[in-house]
Amino acid sequence: MATDQLTPRTYGNFRKPRTSGLRGLPLGATLLLFAGLIAVVLATLISIWAALTLAVALAVVMAPLAVRDRHGRTLMQRGAVRLAWWRTTSSGSHLYRSGPLGRSGYGTCQLPGLAAESSLTEARDGYGRPFAMITIPATGHHTAVISCDADGAALVDERQIDTWVAHWGQWLSALSAEPGLVAASVSVETAPDSGVRLQQEIDANTVAAAPALARSMMGEVLTAYPAGSAQIATRIALTYSGAARPGSPRRSVEDMAVHIGTRLPGLTAGLSITGAGTAVPMTATDLAEAVRVAYDPTVAPLVEEARAAGGTGLTWDQAGPMAAQEAWDHYRHDGAFSVTWAMTEAPQGEVFSNVLTGLVQPNRDIARKRVTLLYRPHTRAESAHVVQQDYKNALFNAQQSQIGQARDDAEVTAARRTSEEQAQGHGVVRFGLLITATVSSATELPKAAAAVDNLAPAARIAVRPVYGSQAAAFAAALPLGLVLPLHTALPQTVRDVM
C-alpha cells in the first residue's frame, strides 16, 4: 500500500524594505553626503585647510546618520531617544498616581500614558452579541477586541496545521480590503492558573449525596491541579479609523459602533477556520477586567471570584493602576514589574509553522508573559507601490558593487518574488512583535530577561528592550488599539525603527 510522504511546509520571505540611499543610508542623508563631497572638492581650489575643515565637519555630521549598532539603530536615533527620556523625567511624566490621592480627578483609576483619554462603549454586532469599543480621541481610532479559544497544534495532523496557517494568511491579507481598518494586533497571554475556575466547576457539579471517595479524589485534584498550570488567553484587536477616507470628517462613536458591528460577524466567522477556535467579541466588562489584571496581576483571583458571584464587574475608569513608575529599562505598575522587548529583525530564511511555539508557551521563569503581534496592512494601491519601490532599491544596491555579493542577489530575488506575489493578489502587511514579561518583584527581572534571551533565538528573531519607552510599549502590547507611530513625536527616521 503506497503512502504519501508529506514534505514539511516552510514559510519565509519576511522583508524589511530597503532604502534608496547609498549603502543603507536614507535618501536625504545620501544627498547630504554628495553635497558635502562636492563642497570639499570645490574647497580644495581655494585652500587645502578649508577642504580639510569641511571634510572633518562632514564626517562629524554624517557619523550619527551612518554608524549603526547591532540592531540597526543609528547614533542619531539613540540620541533622540535619550533626549526624549530626559524630557520625560524632567517633567515628571514617568510618574503616575490615580485614585483618591491622584490627579486624574473624581478618584478614578483611568489608564495611564497614551490610553489616558480613551473611552469605552458597548454596542451590539450583526448577530446581536455585545461588544466593547475603545475610542482613542487623539488619533480618532476605534477598536473592537475578539477573544479566541485557540485549538492548539498538539496531536493535530500536519496537513490540518498547514490548512490553518493558509487560512490565517488569507484572513490577514483580507484586512487590506477591510473598510477603514488601519491596524490589528494578536496578543497571546499566559499566566498562572489560580484554581478559582476549577473550584467553581467542582462546587457546581458536586451533589450532597456524593460518595466520600469521590469527594476525596476531587479534593486532591483541586489541590494538585492548579500547581504549575497556566491560563492562555488569545485576543485580537481590530482598529478602525473614524474618518471614512483621508481628509474627511470623523464619524461619531455611534456611527462607528454600527460600522464595526456590521463587520464583526464576517471577521469572527473567518477566524473559525484558522485554528483560532471559538471567536467572540469581548464585552466592556471582560475587556476592563483583562486590562485591570494586566496592570495588577494580584487581583486576578478576586476578579474571577467576583465574576462567578455574578457581580457587576469593573468599569473603564477602574481598569488602570493606582500607581505606576516608568524606569529606563523596566516599568513598575501597582505591585508588579514588567519589561517589554521589541523585535528588531524578523526570522531570516525559511521557518516552520511552529517557529513561535516556544515563545508563546508558558515559562516557569516568567509569572505573566504577553506576546503581541502588531499588524498594519497596506491598501492594494499602497502595496503595489511599496513592493515595486523595494524591488528597485534592492536592484540599485546590488548594482553598486562591482563584485556581486550573494546577500545582494538574494535580496533582489526576494524582492522580485514579493512583487510577483503581490501582483497575484496577495496582501502586504507591516508587522512587529512585542514581548512583555511581568514578575512580582524587581529581583526576578534578571531571570525573566534571561528567559526571553533564550526564547527569542529559538524563534529566529532578534529583540531588544524598549529603553526609555517601557510604559508606551506595555500599553501597546495590550489589546487597546494603540498605533505607536501615530503617537510619537520623534523624527521619521526614529519612527521607522520603533
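## Strand β4

Strand β4, covering residues 141-149, is mostly tucked away: seven of its nine residues are buried. Keep in mind that this is a predicted model.

## The hairpin with β3

On one side of the story is β3 (residues 130-136), which runs antiparallel to β4 and is joined to β4 by four bridges. If you want a spot to look at, take Thr135: its bridge partner in β4 is His142.

β3 and β4 make a hairpin, with four residues sitting between the two strands. Gly140 is in that turn, and its phi is positive, at about 70°.

## Pairing with β6 and β7

β4 also pairs with strand β6 (residues 230-241), again in the antiparallel sense, and here there are eight bridges. Val145 is a handy marker for this pairing, since its bridge partner in β6 is Ala237.

Then there's strand β7, residues 278-281, which is antiparallel to β4 and linked to β4 by four bridges. To find this contact, look for Ser147, whose bridge partner in β7 is Val280.

## A nonpolar patch on the surface

Now for a part of the model that involves helix α1. Ile38, Leu42, Leu45 and Ile46 make up a nonpolar surface patch of about 500 Å². Leu42 belongs to helix α1, which spans residues 27-44.

Is Leu42 buried or exposed? Its relative accessible area is 51%, and exposed means over 50%, so Leu42 counts as exposed.

Terms used: Residues numbered from 1 in each chain as written. Predicted model: local features only at pLDDT ≥ 70, side-chain atom pairs only at ≥ 80, totals over all residues. Heavy atoms only, no water. Buried < 20%, exposed > 50% of the residue type's maximum accessible area, 1.4 Å probe, protein only. Pairing = 2+ DSSP bridges. Patch = residues over 30% accessible without salt bridge, like charges linked within 9 Å, V, L, I, M, F, W, Y side chains within 5 Å. Areas by Shrake-Rupley, 256 points an atom, 1.4 Å probe, with all protein chains shown as cover. Salt bridge = Lys/Arg side-chain N within 4 Å of Asp/Glu carboxyl O.
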